[in-house]
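The following exercises are intended for a reader who meets this structure for the first time. Please attempt each task before reading its solution.

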Amino acid sequence: MNKVFPVPQPAPAPSLAPLDGNAITARLKELAAFSDVPGELTRLSLTPSHKRAAAQVSHWMREAGLTQVHMDATGTIVGRYAADRANAKTLLIGSHIDTVRNAGIYDGNLGVLTAIAAVEALNTQGLRLPFAIEVAAFADEEGVRFLSTLTSSKAMAGIFDPKSLEDVDQQGISRAEALRSFGAPAERVSECRRDPADMIGYVEVHIEQGPVLEAAGAPLGIVTGIAGASRGHIRVRGEAGHSGTLPMPMRHDALAAAAEMILAVEARGRADADALVTTVGTMIIAGSAVNVVPGEVQFSLDVRTLSDDLRQRAVADIRAAIDEIAARRGVRAVLDIGHEVPAAPCHGALKERMAEVVEGLGLPVLRLPSGAGHDAMVFRGIMPMAMLFVRSQNGSHNPREYASPADIGLAAQALHAFLLKTAGEV
Ligand SMILES: [Zn+2]
């Protein structure tokens, strides 16, 4: 991960206007104007601003030469670029256009706009491929408004849970009602499913949302897979007491025990630092006060890695460390893992094809896992999927998130080249 690549060769100038990074950046800025909150980008799933953004994306799809542009039952905008023959398979490309609150303009939107640009370039060239291309602007990736998430891509994968229609947002509006006012025919969700036998797979361009490509000087990255995650919480019960009267040797301080446990969580992640991340992100101290020895503490645990085996071992090690610390300090501690998602490895052949086109652009080939979840992960075990990361700055899920027009142009060229290369493989 710390390997620094030589300065990349300048990539060939984009020969096709739709692949120009400045043009795509201009569209990203235009799309960012569709916000529920003036002065920032807040476009939660199935809101009025999302509906206006969806209309704009539909317009750009039609301009690009995509046909049958429509909104599906989950609010996803889908357009199709027909194959050069009948009974051809389909490659699905895209990303999402819902955002978090006070978001950056690249997360999700970049993948949709590079997908439209790549098809527009084919259309400009008058090229039809031996497979159809569908571009998807998914409606529900960020999971901010409703408890369930990734429902749009899950519907396409055929794993939509009908119970998610009953989820309610903070205003008490159900997903079913939100879909209705969005104009999505929710009752037809079963029609969203793509038959894996008809599909080449799903490919998504996305900003990295992390610092690895930036540190390595690589504009693009080949995603090896999307990390699995174990999440839960640890409850530590000691004995509360007066901070002035309880002598140190007689204490069972829940917070001091929790502090040692948190360092053990960090140490476990550091022990496999090139493959594993472990995080304590929240802590609640019951009845906390400056003059009280804490009696009860609860904190969260988040463990992520591309290896399901390593994740299980890491959780087991953390559990053992917590038990040891609790026993030594005379407190009780219980680790409860409430949420587990397996890793979603990217497909070997699609991934290698993506690496070849990146190399073909004269760029270094850097492979990295995705620690964040994406629509692509729902296709795990259902159809092949691959992802291309674009170097980004200032993290993500904040307005300072940034990808340069030059890098965006390279991503669009890579996706376009990937489509052409796939034509030679089917
Ligand atoms: Zn995203």
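**Exercise 1.** In this predicted model, determine which residues Arg 43 touches, leaving aside residues up to four places away in sequence, and decide whether Arg 43 is buried or exposed.

*Solution.* Step one is to list the contacts: Arg 43 touches Leu 31, Ala 32, Phe 34, Asp 36, Ser 49, His 50, Ala 53, Ile 97, Asp 98, Thr 99, Val 100 and Asn 109. Step two is to place the residue, and Arg 43 is found in the loop between α1 and α2. Step three concerns accessibility: the relative accessible area of Arg 43 is 0%, and buried means under 20%; Arg 43 is therefore buried. As a final step, consider a distance: Arg 43 and Ser 153 are separated by 110 residues in sequence and by 18 Å in space, C-alpha to C-alpha.

**Exercise 2.** Identify the residues that coordinate the zinc ion, and explain what the pair Asp 107 and His 206 ties together.

*Solution.* Begin with the donors: His 96 (NE2), Asp 107 (OD) and His 206 (NE2) coordinate the zinc ion at 2.0 to 2.2 Å. Along the chain, these donors follow the spacing H-x10-D-x98-H. Next, locate the pair: Asp 107 lies in the loop between β3 (90-96) and α3, while His 206 lies in strand β5 (residues 199-207), so the two tie together parts that are 99 residues apart in sequence. Finally, both Asp 107 and His 206 are buried.

**Exercise 3.** Describe how helix α2 is oriented relative to helix α3, and classify the residues of their contact.

*Solution.* First, the axes of α2 (residues 48-63) and α3 (residues 109-125) come within 9 Å and cross at roughly 20 degrees. Angles under 35 degrees count as roughly parallel, so α2 is roughly parallel to α3. The crossing of α2 and α3 is left-handed. Then take the contact: Val 57, Trp 60, Met 61 and Glu 63 in α2 meet Val 112, Leu 113, Ile 116 and Glu 120 in α3. By class, the contact of α2 with α3 comprises six nonpolar, no polar and two charged residues.

**Exercise 4.** Carry out the analysis for helices α1 and α10.

*Solution.* The axes of α1 (residues 21-32) and α10 (residues 405-423) come within 7 Å and cross at roughly 105 degrees. This angle makes α1 roughly perpendicular to α10. In the contact, Gly 21, Asn 22, Ile 24, Thr 25 and Leu 28 of α1 meet Pro 405, Ile 408, Gly 409 and Ala 412 of α10. The contact of α1 with α10 divides into five nonpolar, four polar and no charged residues.

Definitions and conventions. Residues are numbered from 1 along each chain as its sequence is written. This is a predicted model: local features need pLDDT of at least 70, side-chain atom pairs count only at pLDDT 80 or more; totals for chains, interfaces and linings use all residues. Side-chain values use heavy atoms; hydrogens and water are left out. Axes are lines fitted to C-alpha atoms, for helices over the stretch in contact, and angles run from 0 to 180 degrees between N-to-C directions. Helices (H or I, at least four residues) and strands (E, at least two) are DSSP runs, numbered from the N terminus. Angles under 35 degrees count as roughly parallel, over 145 as roughly antiparallel, 65 to 115 as roughly perpendicular and the rest as oblique. A crossing is left-handed if the near helix is turned anticlockwise from the far one by less than a right angle, and right-handed if clockwise. Contact means heavy atoms within 4.5 Å. Ala, Val, Leu, Ile, Met, Phe, Trp, Tyr, Cys and Pro count as nonpolar, Asp, Glu, Lys and Arg as charged, and the others, Gly among them, as polar. Donors are N, O and S atoms within 2.8 Å of the metal (3.2 Å for Na, K and Ca); water is not among the atoms, so sites may look incomplete. Buried means under 20% relative accessible area, exposed over 50%, partly exposed in between (1.4 Å probe, protein chains only).
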